[in-house]
Amino acid sequence: MYQYETLEAGKLQLQISSDGSRIIWSAKELPLENREQADFWRCHMDDGYYRSMTIRSSKQKGTAEKFKDEIIISYPQLTGDDGRVFDVKLKIHIKAAVHTYESLEMWAEAENQSGARLNELQLPFVELSSIASLEREKDIYYKMNGLGEKIINPWEALKKSHSEYMAADYNEIWNVVQYPCDAAMCWSGVESGGHFLYVGRHDNQFRSATLAAGLNPRGSGPRMILSISNYMLVQPGERLESAHSVISLNEGDWRTGSDIYGNWARGNWYSVPEKPEWVQDMPGWQRIILRHQYGEVFFRYEDLPRVYEEGMKYGLNTLLVFGWWKGRFDNGYPRYEADPELGGEQGLKDAIAQVRQMGGHVALYTNGVLIDITTDYYQETGREICRKDIDLNEYREHYQFSNDGMLLRSYGYKSFVSACQATEQWQEKLLENGRTKLSFGPDSIFYDQMGGHLPKICFDETHKHGKRGDTEAKWRIENMDAIVRLCGPEVAYGTEQCVDAFAPHVHYHHGCQYGNFYGETAFPEMFLRTFPEPIMSDRFLHDDREDFKRILNYSFAYGFRFDVSIYRGRKSIISDLPDYAAYVKKLLDLKKMYRDFFYRGRFVCRHTPVLPEKVRMTQYENADRQILLVLWNDSDIPVEFTVCGQAVTLASQAVTCLPLKG
């Protein structure tokens, strides 16, 4: 028989055996439970040959001691699944705490005296056979995929994540997302039986992590795991402490998770950047490419005023200009110089000045991450400062943009490495390119991919991160702040993608994650309610396809600025698609009517009325705390209903704005 130490946080209770090998999860008056040999943490070791050796808490022997509101479990050594013993001292701390709601807080200390590296610590590792209801099919997993994803009945839905043979699916089926991108925040959870189980990592260093939901293997009993992987990379001879994670179970829905994470962030590191006024009121932009990847010229500098003028007819006052440099789009990075064939330096200056005199705004693009491997910069500097994988090979990215022919379409065209942000040379290059863009007099300088390029851990220890390749976010933020200082108060800094860690350092974001565009399971409420201040665009609507109104309605409802990029920025502009253009204008006119909500207010989730199927509702609050309901009929038939005491009639694919009375 095992003796147990116990911690409680609200309804949630965790019991840990005196030797640290057994746990019992439970919750007052709820069916929450786990299997007998459930883990509550796992480690993964790497000796350079056997690269992923699993160590399970259920197979260890240690000592659990309770000190008031904290249990510390100490393991003098660790034993792998294959019986190999590692000289690693591991301490797991579990503490009853308050993070908006009563919670359990977990972190670890690892001292490695073995001959292998401790690559990864999965903590927490919440392994359950049921949560707050035995009707598992009604559970909802809120996944932090992009801005948020709502997965109904995850016990079945996540089975689609089976790798078939690429991973050890005979142990668990895993559905994962990386932070700090594609996950825009570092929390997730399950809504079950009127309660929400929250699992989040509270780390103001924003170290790389993986949020994972695991299921039992095929043919076995029900089992779900919520886990966060910390990439500690503890070398032999090192001692490190992990980030802190939080588990909480409360009555309510996903908004309790939003409160826990959002209140922690606002109390520790999150702030709202001061933005130029025109950015706050920006309805969207036309995104155009002057010279494409394969060399064709679509527009010249002298065309910019005309393109702007056409966009303004439909309410768009900004141009986001790609491919303006001599090397052509997605070529020559990180060298940028005006293209004589497009009009030369003076031509670019004059065109931008003319747009601004007309009342418009221009943002000039450069890439903030990629290095073209055909350049002298790569040969002289880039190969040293680019990210390296676990084998110290360069991470490579390959693009396949093409014209009408099949050669580039079939075999690709460009190859890049990604710069490690933790290098002085890259910060210098980012600022050099910023000064180049500023010399042409734009309203904004835009750095693609800096706001959330895939968080590939860099293993090159000669970079400033040293052995801590999971800490690149620290230097990315440093680089962002240097760019903002370069911009001064009048020029905006924009980037692609939106992640909570970087949002306080950016003026606007070119959206690119799940939730920035329509998806059946997209649930951007997760991010927008937690952090309503960032200005984001939508993405991936490039023509007047059959469902273009649905896509634009989605963007309107969620307050995204319109990214108008006809045929992905090639040759055409908004006026070439009159039906699309007219609908953009209709929605922007409606936004303008309620400017104090859409542009000067904040996204909220206050009211939860029962609505007809496929009617979606979002909500905004203005400075006077008045509420605006945005209602969208995402169906093929008209509907009539009552919401908050007011009658509403909506045609198919129609939207309306409804100020709440009183």
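Two strands are taken to pair when DSSP finds at least two bridges between them. With that in hand, the predicted model can be read strand by strand, beginning with a hairpin. Strands β13 (residues 140-143) and β14 run antiparallel to each other and are joined over four bridges. Within this pairing, Lys 143 stands opposite Glu 149 of β14. Five residues separate the two strands of the hairpin, and the turn includes Gly 146, whose phi is positive at about 65 degrees. The side chains along β14 (residues 149-152) alternate between two faces: Glu 149 and Ile 151 point to one face and are buried, whereas Lys 150 and Ile 152 point to the other and are not.

A second piece of strand architecture is found closer to the start of the numbering. Here an open sheet of three strands follows the order β1-β2-β3, with antiparallel pairing. Its edges are formed by β1 (4-9) and β3 (23-27), each of which pairs on one side only. From one strand to the next, the twist averages 15 degrees. Five bridges connect β2 (residues 12-17) with β3 in the antiparallel sense, and Leu 12 has Ala 27 in β3 as its bridge partner.

Turning to charged side chains, a search of the whole structure finds 50 salt bridges. One of them joins Asp 81 and Lys 59, with an N to O distance of 3.7 Å. This pair links distant parts of the chain, 22 residues apart: Asp 81 sits in the loop between β8 (78-79) and β9 (85-86), and Lys 59 in the loop between β5 (53-56) and β6 (63-67). Asp 81 is partly exposed because its relative accessible area is 36%, a value that falls between the 20% and 50% cut-offs. Lys 59, at 48% relative accessibility, likewise counts as partly exposed.

Another salt bridge brings Lys 388 and Asp 460 together, their closest N and O atoms lying 2.9 Å apart. Lys 388 belongs to the loop between α6 (376-385) and β26 (396-399), and Asp 460 to the loop between β28 (444-448) and α9 (472-487), so the contact ties together parts that are 72 residues apart in sequence. Both Lys 388 and Asp 460 are buried.

Glu 394 and Arg 396 also meet through their side chains in a salt bridge, at 2.9 Å from N to O. Arg 396 is partly exposed, with 38% relative accessibility. Finally, salt bridges can be followed beyond single pairs: Arg 35, Asp 39, Arg 42, Glu 127, Glu 172 and Arg 223 are linked in a network.

How values were computed: Residues numbered from 1 in each chain as written. Predicted model: local features only at pLDDT ≥ 70, side-chain atom pairs only at ≥ 80, totals over all residues. Heavy atoms only, no water. Axes fitted to C-alpha atoms, helices over the stretch in contact; angles between N-to-C directions. Buried < 20%, exposed > 50% of the residue type's maximum accessible area, 1.4 Å probe, protein only. Salt bridge = Lys/Arg side-chain N within 4 Å of Asp/Glu carboxyl O.
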